[in-house]
Amino acid sequence: MDATIYHNPRCSTSRKALQALRDAGVEPTIVKYLDEPYTRERLVELFADAGLTPKQAVRKREALYAELGLAEASDDEILDAMVQHPILVERPIVVTDKGTRIPRPFEKLDEIL
């Protein structure tokens, strides 16, 4: 199975998802999205594949979310903010042959393993 994880090594959920992939016998491509930021087009594709809107995929508990006033922002404005500040994207995003998920709750990862 091919898999990619958009990974933040400082995030416990991201580390847990990486380990779950490896435990399932999958060695994913690891994209450290803080080092290799998303493009707008890639985020649109990932969210569409996961069945999410930018408003559903933004980290609302991130301080920058409030600082930028994103609670009232449009999806386009949120996407622009995510491209500029990738820390705003909920993590991790996992892509396998079976689909794309943000495993929150973590059990969502099972849907694509």
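Trainee: What handedness does the crossing of helix 2 and helix 5 have?

Mentor: Right-handed. Keep in mind that we're looking at a predicted model.

Trainee: Which residues make that contact?

Mentor: Helix 2 brings Arg40, Leu43, Val44 and Phe47, while helix 5 offers Asp76, Leu79, Asp80, Met82 and Val83. Sorted by kind, the contact has six nonpolar residues, three charged ones and no polar ones.

Trainee: Why are helix 2 and helix 5 called oblique to each other?

Mentor: Start with the angle: the axes of helix 2 (residues 40-50) and helix 5 (residues 75-84) cross at roughly 120° and come within 9 Å. Roughly perpendicular covers 65 to 115 degrees, and roughly antiparallel needs over 145. The crossing angle of roughly 120° fits neither, so the pair counts as oblique.

Trainee: OK, zooming out. How do you know that the radius of gyration of the protein chain agrees with a compact globule?

Mentor: For 113 residues, a compact globule would come out near 13 Å, and the chain has 13 Å, so the two agree. Its C-alpha atoms fill a box of roughly 40 × 25 × 25 Å along the principal axes.

Trainee: What makes a residue count as buried, and what percentage of the chain does?

Mentor: The cut-off is under 20% relative accessible area. Of the 113 residues, 44% count as buried.

Trainee: And in what order do the elements run?

Mentor: From the N terminus it goes β-α-β-α-α-α-α-β-β, which comes to five helices and four strands. As for contacts between residues at least 6 apart in sequence, 61% join residues at least 24 apart.

Notes
Residues numbered from 1 in each chain as written. Predicted model: local features only at pLDDT ≥ 70, side-chain atom pairs only at ≥ 80, totals over all residues. Heavy atoms only, no water. Axes fitted to C-alpha atoms, helices over the stretch in contact; angles between N-to-C directions. Helix = DSSP H or I, 4+ residues; strand = E, 2+ residues; numbered from the N terminus. Parallel < 35°, antiparallel > 145°, perpendicular 65-115°, else oblique. Left-handed = near helix turned anticlockwise from the far one by under 90°. Contact = heavy atoms within 4.5 Å. Nonpolar A, V, L, I, M, F, W, Y, C, P; charged D, E, K, R; others polar. Rg over C-alpha atoms; globule rule 2.2 N^0.38 Å. Buried < 20%, exposed > 50% of the residue type's maximum accessible area, 1.4 Å probe, protein only.
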